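Colleague: I am new to this structure and would love a close look at one part of it. Could you walk me through it slowly, and then show me how it fits with the rest?

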Amino acid sequence: MTTTTAGNPVERLARALQKGIVAVLGDEFADTDPLIQNSRNPEFGDYQANVAMSLGKKVGKNPRELAQALVDAVELDEIAEPLDIAGPGFINIRLRTDALADMLASMDDHDLGVQPDADTHAIAIDLCGVNVAKQMHVGHLRSTIIGDALARAYERLGRTVHRENHLGDWGLPIAMVLHQLREQGVNLDTIELTDLDRAYRDAQLSGKGDSRGLAAANRLGAGPHRFIELEEQTAGAHEAIEAAKQTLVKLQQGDDELLRDWKKLIDCTLRAVYEAIDILNVKLGPENNRGESFYRDRLDGVIEHFVSKKIAHEDEGALVVRYEDRERPMLIRKSDGGFLYATTDLAAIQYRTQDLKADRLIYVVDARQRDHFRDLFDGARLAGWDHTPDGAAIEFRHIPFGAVLGDDRKPLKTRSGKLVTLKSLLDEAVDRGSAEVIGRANDPNAPTHGLPEAELREIGKHVGIGAVKYADLSNDLTKDYVFDFDRMISFEGNTGPYLQYAHARICSILGRAGDATSAARTAQFRFDEPAEKQLALVLLRYGDVVTDVARALEPHRICTYLYELAEAYNAFYQHCPVLKAEGEEIRNSRIRLCDLVRRVLADGLDLLGIQAPERM
């Protein structure tokens, strides 16, 4: 990432201190981190630089004496009061209020302090990844909303993002479903996803013979009736697979009727996907669908490329790629000439790096696929697909995520033991959010009192879905988390509804301010109370936080920041009257500060794909 945040005090302080370090110790220390952090006690300053302690040991100088030398060399008069030294060598820094006001005013525009990334290459993010004919489950929730949040962060920085929904829409499993449904004479124009999901499971079962059971029966001398049963089962499975293979061959050859029916399976699956995507407020549409079928004409080219570069070798008729640092090879073509997931994924890498010219490929796929992506990325490097056509080095990243757990700390399932479908989870989220909002609207003093029920339910949908998304995204992505609706939906604590409510409360204040809100747009920021200054310091970090989310690929950083901002705003609101402030200048400054917090909250929630209602 090459983004910098204009006006950020930490950036400016760091640059000045680094110049001071060079002036005192020489150019070889030019890259030294000044170790600036927020001051734990505002009475001593706004920031603290601890570099003198670490450098003192390194260069053999007394840390306090070195700190004094740095203070004498640093030029910070434009933005900071005279620096002072505490303890063994802590450098305390207090910003000048006029400089702080100027920095805050500089971020109070459309960009909110977020500066565009200088890199103009595209980014490809592999997310969602549903299988045709199967229902979405909670695993798809994580892949979809994590990928969307990362995409939004990059887009906020001005990057072009290709959201890649790599559908499982090709190959033998789909051919088995298609063959079975056609044999049964099912009307594919009216089929629902639940029926399609059932057909998928039935097709998988029909293709499973019991060859092991047959061998065991033979070894143990089972009765003839058991032999007949097992032989019929195994023979039936063989016939089902052979029929599916014939269907797949016809599909690959472009049989018009089969292709029409195949597309109906895809349409049925995607109708349910788009319904969930719409409820989740995720940016994903038909233009993002590039499934396995998209790459089917590229697979032979992938094989030829690997063979010509002598990085794939035959092994008992199969084609494999071997790596020096691991025993397992990567299989890219079976002995019968069939292709595998790795083949399709390599074709996707070639397309994303060479055609889309993306210099960062991000795969949001659960942690169980870790080894697959390690093999895949190393294979792409061997193939030479680790640079864009203009020579930019490509970064490959797999974002593994943990499981969603129930109260028993096991993967979230229904009482019957089945995986929870995404639709059922979202329906419950909307119902719970609506019940909470409607219940609060019964209070005559509530801002939502008297609103039509349809409007309350719309707000409730935003609250319920926001609760689920925030609870997911606020966690460390790699860790499992326990799904707890009661905690998620709370209007208190570190939750989505708490942040949404903070935004709505500010909207209420600004609504009551009336015309004064417009007048306050050009007001000079004032900091008469410590809570005002602390709130300003938190606001000024927003641009860096957005950059950090994209750099580290960790959406929870924006969640942590927004919660800290809301807490700082609450402290400000408790100590600093806004509409009843003494004097027009103070009132207008605080109204402008409220409006800036509102806009940052709304912008940050939007990065998470969470709506920010104006009334709650």
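In which helix is the place of Lys533? Please start there and work outwards.

Modeller: Happy to! Please keep in mind that this is a predicted model. Lys533 has its place in helix H19, which covers residues 530–539.

Let us begin with the residue itself. Lys533 has a relative accessible area of 12%, and because buried means under 20%, Lys533 counts as buried. Leaving aside neighbours within four places in sequence, Lys533 is in contact with Asp46, Arg94, Leu95, Leu100 and Phe527.

Now widen the view to the helix around Lys533. Eight of the 10 residues of H19 are buried, so the helix is largely enclosed by the rest of the structure. Besides Lys533, the buried residues of H19 include Ala531, Glu532, Leu535 and Ala536, and also Leu537, Val538 and Leu539. What lies over them? The cover of these buried residues includes strand S2 (47–49) and helix H4 (97–107). It also includes three helices with higher residue numbers: H20 (542–552), H21 (556–575) and H22 (584–607).

One of the buried residues of H19, Leu539, leads us into the interior. The largest nonpolar core has 161 residues, and Leu539 and Leu104 touch the most other members. Helix H10 (residues 256–280) gives the most to this core, with 11 residues. In general, nonpolar side chains in soluble globular proteins tend to be buried together. Not counting residues up to four places away in sequence, Leu104 touches Ala536, Leu539 and Leu540, along with Phe525, Phe527, Leu593 and Leu596. Phe527 therefore appears in the contacts of Lys533 as well as in those of Leu104. Apart from the largest core lies another one, of 32 residues, among them Leu319, Ile349, Leu356 and Trp385.

From here we can move on to a strand. Strand S5 (residues 122–127) has six of its six residues buried, so S5 too is largely enclosed by the rest of the structure. In a regular strand the side chains alternate between the two faces of the sheet. In S5 both faces are covered: Ala122, Ala124 and Asp126 are buried on one side, and Ile123, Ile125 and Leu127 are buried on the other.

S5 also has strand partners. It runs parallel to strand S10 (residues 358–364), and five bridges join the two. Asp126 of S5 has Tyr363 as its bridge partner in S10. S5 pairs with strand S6 (residues 161–165) as well, again in the parallel sense and over five bridges. In this pairing, Ile123 has Val161 of S6 as its bridge partner, and Leu127 stands opposite Asn165. To get from S5 to S6, the chain passes through helix H5 (residues 138–156), and this β-α-β crossover is right-handed. Four of the five residues of S6 are buried, so S6 is largely enclosed by the rest of the structure.

H5 is a handy link to another helix, because H5 is among the elements that cover the buried residues of H14, as are H10, helix H15 (453–473) and helix H16 (485–488). H14 (residues 422–441) has 20 residues and reaches 29 Å from its first C-alpha to its last, close to the 28 Å expected at 1.5 Å a residue. Its buried residues are Leu422, Leu425, Leu426, Ala429, Val430, Gly433, Ser434, Val437 and Ala441. They cover an arc of only 165° around the axis, which puts them on the same side of H14. The face turned away from that buried side carries the exposed residues Asp431 and Ala435.

One more residue is worth a visit. Ile21 lies in helix H1 (residues 9–25) and counts as buried, at 0% relative accessibility. Not counting residues up to four places away in sequence, Ile21 touches Gly26, Phe29, Thr32, Val51, Leu55 and Leu70. Ile21 and Gly583 are 562 residues apart in sequence, and their C-alpha atoms are 45 Å apart in space.

Finally, let us step back to the whole. The protein has 22 helices and 13 strands, and buried residues make up 50% of its 616 residues. Its C-alpha atoms fill a box of roughly 95 × 65 × 50 Å, taken along the principal axes. Of the contacts with a separation of 6 or more, 73% are between residues 24 or more positions apart.

Notes: Residues numbered from 1 in each chain as written. Predicted model: local features only at pLDDT ≥ 70, side-chain atom pairs only at ≥ 80, totals over all residues. Heavy atoms only, no water. Core = buried A, V, L, I, M, F, W, Y, C linked by side-chain atoms within 4.5 Å. Buried < 20%, exposed > 50% of the residue type's maximum accessible area, 1.4 Å probe, protein only. Contact = heavy atoms within 4.5 Å. Pairing = 2+ DSSP bridges. Right-handed = clockwise from strand over helix to strand, strands pointing away. Expected span 1.5 Å × (residues − 1). Arc of directions from axis to C-beta.
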